[in-house]
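Me: I would like to go through this model and test each label against its cut-off. Please keep the answers short.

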Amino acid sequence: MKISEVAKSVNLPISTIRYYEKIGIITDEYILRDKNNYRVYAQSIIQHLEVVKQCLAVGFTIHEIQSMISKQGFSSNEQASVIQAKITEIEEAQKKLENSKQNLYDILKADITCEDGFGKY
């Protein structure tokens, strides 16, 4: 597949695919060369990029994904550990957001106005 076909199939800009190649998210196993030495991507690149997109969507950073790819495989325990760590991170973020929301409700209850200046009752 040409890069434009890959981009269209996974709904990513060509520049993102090139960036993923540069930083090692797309490894050599997915890139072939034709007789003119142009890049041709293996069909399996589609599934690989969909997994990358899913990882990004659930909160993994590009650097975390790089690290996972560089390991070239995980045991079931390692995979469970990585996922559990991300769940814990998300739960901590949820607690912080809940605290922020409660603080905003407290400000509303305090009936603080800005009519006489910021923070004056």
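Reply: Start with the contacts. Among contacts in the protein chain with a separation of 6 or more, 43% join residues 24 or more positions apart. Note that this is a predicted model.

Me: What pattern does the protein chain follow along the sequence?
Reply: The order is α-α-β-β-α-α-α. That is five helices and two strands.

Me: How do you know that the protein chain is not a compact globule?
Reply: Set the radius of gyration against the rule. A compact globule of 121 residues would come out near 14 Å, but the protein chain has 23 Å. The box around its C-alpha atoms, along the principal axes, is roughly 75 × 40 × 20 Å. Of the 121 residues, 22% count as buried. The accessible surface is about 9200 Å², and carbon and sulfur atoms hold 53% of that.

Me: How do you know that the span of helix 5 agrees with what its residues should give?
Reply: Helix 5 covers residues 76–110. At 1.5 Å a residue, its 35 residues should span 51 Å. The end C-alpha atoms are 51 Å apart, so the two values agree.

Me: What does the same check give for helix 3?
Reply: Helix 3 runs over residues 45–57, which is 13 residues. It reaches 18 Å from first C-alpha to last, close to the 18 Å expected.

Me: Which residues of helix 3 are buried, and what covers them?
Reply: The buried residues are Ile45, Ile46, His48, Leu49, Val52 and Cys55. The cut-off for that word is under 20% relative accessible area. Their cover includes helix 1, helix 2, strand 2 and helix 4 (62–71).

Me: Why is the pair Lys86 and Glu64 called a salt bridge?
Reply: The cut-off is a side-chain nitrogen of Lys or Arg within 4 Å of a carboxyl oxygen of Asp or Glu. The closest N and O atoms of Lys86 and Glu64 are 3.2 Å apart, so the pair qualifies. Lys86 lies in helix 5 and Glu64 in helix 4, so the bridge ties together parts that are 22 residues apart in sequence.

Me: Is Lys86 buried or exposed, and how do you know?
Reply: Buried. Its relative accessible area is 6%, and the limit is under 20%, so the label follows. Glu64 is at 28%, so it counts as partly exposed.

Me: What makes Glu64, Lys86 and Glu89 a network?
Reply: Salt bridges link the three residues. Besides its bridge to Glu64, Lys86 meets Glu89 at 3.0 Å, N to O. Glu89 and Lys86 are three residues apart in helix 5, which means about one helical turn between them. Glu89 is partly exposed at 40% relative accessibility.

Me: How do you know that Lys101 and Glu98 form a salt bridge?
Reply: Their N to O distance is 3.6 Å, and the limit is 4 Å, so they count. This pair is also three residues apart in helix 5, or about one helical turn. Lys101 is partly exposed at 40%, and Glu98 is partly exposed at 42%. The structure holds four salt bridges.

Me: What makes Leu104, Ile107 and Ile112 a nonpolar patch?
Reply: Patch members need over 30% relative accessible area and no salt bridge, with nonpolar side chains joined within 5 Å. Leu104 is at 55%, so it passes that area limit and is labelled exposed. Ile107 is at 47%, so it passes too, labelled partly exposed. Leu104 and Ile107 both sit in helix 5. Together the three patch residues have about 270 Å² of accessible area.

Me: Which residues take a positive phi?
Reply: Among them is Asn11, near 55° and not a glycine. It sits in the loop between helix 1 (3–10) and helix 2 (14–23). Asn37 has about 70°, in the loop between strand 1 (31–33) and strand 2 (39–41). Gly59 takes about 115° just after helix 3. Asp111 takes about 55° just after helix 5.

Me: Why is Asn11 called exposed?
Reply: Its relative accessible area is 65%, and the limit is over 50%, so the label holds.

Methods
Residues numbered from 1 in each chain as written. Predicted model: local features only at pLDDT ≥ 70, side-chain atom pairs only at ≥ 80, totals over all residues. Heavy atoms only, no water. Patch = residues over 30% accessible without salt bridge, like charges linked within 9 Å, V, L, I, M, F, W, Y side chains within 5 Å. Areas by Shrake-Rupley, 256 points an atom, 1.4 Å probe, with all protein chains shown as cover. Helix = DSSP H or I, 4+ residues; strand = E, 2+ residues; numbered from the N terminus. Buried < 20%, exposed > 50% of the residue type's maximum accessible area, 1.4 Å probe, protein only. Expected span 1.5 Å × (residues − 1). Rg over C-alpha atoms; globule rule 2.2 N^0.38 Å. Contact = heavy atoms within 4.5 Å.
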